[in-house]
Amino acid sequence: MRRVALAGALLLATLAAIAPTAAPAPVARATSLAEAPVRLPSDRLPNTPGSITVPPGFRSQPPVTEAVSVAKLRALWVRAGAAYGIPWQVLAAINRVESDLGRNMGPSGAGAVGWMQFMPSTWLSWGVDADGDRVADPWSSADAIHAAARYLAASGGRTHLEDALLAYNHAGWYADRVLELAGLELIGDSLAPAPLPDGGVAGLNLGSASADEGRMRSRLPTRFALLSLAGLLACVALRLRPEPRRRRAPSRRLGAESGFTLVELLVTMVILTVVVGALTGLFVSGSNAQIDLNNRFQAQSAARLALDKLRREVHCASGAGVTASALTLTLPAQCPTAQGQVTWCTLQVGVTPVWELYRKTGATCDTGGVRWAQGLSSGSVFSLPATPSGSLAAIHVDLPVTVSDDTYRLVDDLVLRNGARA
């Protein structure tokens with residue numbers, strides 16, 4: 001029995017030692033702020049050709065990226081905001097929306113790259129070397145954050161922040177989301193503090209460090225329980241240590257030997273079953289969470305690519321027929337994606353309330369076309385609001401992507417640039 005207890009204690013101590021703690025940090029290069037002050041370029045004029053040096057192949061993600069703490073990111077937001085007259089909370093919110101604080105830096109489906117998701121052509125015009133290494137790199141947190149502040153200032157962000165945000169990303173929902181996360185609201189042409197929503201800049205201050213700390217704390221009880229059981233079995237083993245006895249004749253020693261009782265075996269098996277069950281549940285929960293995260297990311301990425309494709313075709317179209325679930329576009333010969341009629345539509349999948357977005361050449365649409373997005377919680381995604389006199393028509397698109405009861409909405413108003421004015 002003493003040997004069994006010692007073996008059980010050793011097994012539990014080993015399991016406690018290998019029990020997962022916080023997720024390992026990705027391979028990253030260290031980051032630091034430049035010690036000497038760096039002369040930042042003005043926001044009045046863009047870069048002239050050849051005035052900045054960019055890394056070779058900066059349009060693709062480098063094999064090694066920065067790992068920056070939230071405290072260092074906050075220092076960069078504050079410094080860049082002060083340099084160009086932009087509220088640092090706005091830079092923090094853009095950093096959260098565009099790259100999730102460096103966790104998803106692209107390239108995106110549209111080709112945007114880096115910490116603040118700049119298009120390569122925009123980066124060549126407004127990129128900044130803020131860390132003093134003589135290279136303007138969108139994959140550098142210091143360079144990207146200062147470049148975002150410079151671009152916002154050049155777009156009028158000091159006095160008309162909402163217009164500057166619309167220049168950064170041409171979507172009304174984007175400007176609203178950034179101001180919401182930043183804890184600011186527009187009153188006329190001025191900004192005023194607003195109550196911070198869940199996940200606002202107050203949440204940004206915690207960042208991934210708080211999430212990792214929470215995961216560590218949630219796993220401490222498991223390790224504590226394993227170590228406690230190991231200590232209990234070790235105490236049982238010490239308690240069962242045989243007392244010194246005088247030598248007996250071989251026949252008497254054999255007669256005094258006794259085996260394990262059924263109760264002892266059952267207790268040992270129950271303890272091992274509980275420990276293995278707890279570890280199995282932990283691993284299964286982690287695997288399910290990873291699968292759910294991958295499904296949501298794939299559905300959201302597909303919807304963004306579909307909206308980008310739809311935006312290009314609507315901008316080029318000369319006419320459109322709109323219903324709640326279908327959009328038929330007439331594309332002139334100069335359109336790069338297609339010519340003639342193209343139809344986008346939503347089709348329900350089976351009997352479940354889930355729709356998919358298809359694109360097919362011609363005036364009709366069915367599953368014979370190309371599927372561009374899935375997981376839509378509504379089939380009514382298109383509408384044509386009333387057009388003011390003298391204006392171009394705009395098609396309202398609302399794509400609600402729902403995966404595991406988590407809804408991600410893509411909303412935009414797409415203008416028929418080649419259409420006739422009302």
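These exercises work through local features of a predicted model.

**Exercise 1. Aromatic pairs**

Classify the ring pairs W77–W88 and W173–Y174.

Solution.
- A pair of aromatic rings is described by the distance of the centres and the angle of the planes.
- The structure holds nine aromatic pairs.
- For W77 and W88, the ring centres are 6.4 Å apart and the planes stand at 10 degrees. Planes under 30 degrees apart count as stacked, so W77 and W88 form a stacked pair.
- W77 belongs to helix α2 (residues 70-84) and W88 to helix α3 (residues 88-99). The pair therefore ties together parts 11 residues apart in sequence. W77 and W88 are both buried.
- For W173 and Y174, the centres are 6.0 Å apart and the planes stand at 80 degrees. Over 60 degrees counts as edge-to-face, so this is the class of W173 and Y174.
- W173 is partly exposed, at 31% relative accessibility. Y174 is buried, with a relative accessible area of 1%.
- W173 and Y174 also belong to one aromatic cluster, together with F118, W123, W126, Y151 and Y168.

**Exercise 2. The buried side of α7**

Determine where the buried residues of helix α7 lie around its axis.

Solution.
- Helix α7 spans residues 172-182. Its buried residues are Y174, A175, V178, L179, L181 and A182.
- They cover an arc of only 165 degrees around the axis, so they sit on the same side of α7.
- G183 follows α7 and has a positive phi, near 75 degrees.

**Exercise 3. Unusual backbone between α3 and α4**

Find the backbone exceptions at L101, P107 and Q117.

Solution.
- Most residues other than glycine have a negative phi, and most peptide bonds are trans.
- L101 is not a glycine, yet its phi is positive, about 60 degrees. Q117 also has a positive phi, near 55 degrees.
- The peptide bond between G106 and P107 is cis, with omega about 5 degrees.
- Now place them. L101 is in the loop between α3 and α4. P107 lies in that loop, and so does Q117.
- Check burial, with its cut-off of under 20% relative accessible area. L101 is at 8% relative accessibility, so it counts as buried. Q117 is at 12%, so it counts as buried too.

**Exercise 4. Surroundings of E313**

Describe the position and contacts of E313.

Solution.
- E313 is in helix α10 (residues 262-316).
- Its relative accessibility is 0%, so E313 counts as buried.
- Leaving out residues up to four places away in sequence, E313 touches L329, L331, T337, V342, W344 and R359.
- With T337, the side chain of E313 makes a polar contact of 3.1 Å to the T337 side chain.

Methods. Residues numbered from 1 in each chain as written. Predicted model: local features only at pLDDT ≥ 70, side-chain atom pairs only at ≥ 80, totals over all residues. Heavy atoms only, no water. Helix = DSSP H or I, 4+ residues; strand = E, 2+ residues; numbered from the N terminus. Buried < 20%, exposed > 50% of the residue type's maximum accessible area, 1.4 Å probe, protein only. Polar contact = N/O pair within 3.5 Å; in protein donor to acceptor, adjacent residues only side chain to side chain. Contact = heavy atoms within 4.5 Å. Arc of directions from axis to C-beta. Phe/Tyr/Trp six-rings, centres within 6.5 Å; stacked < 30°, edge-to-face > 60°.
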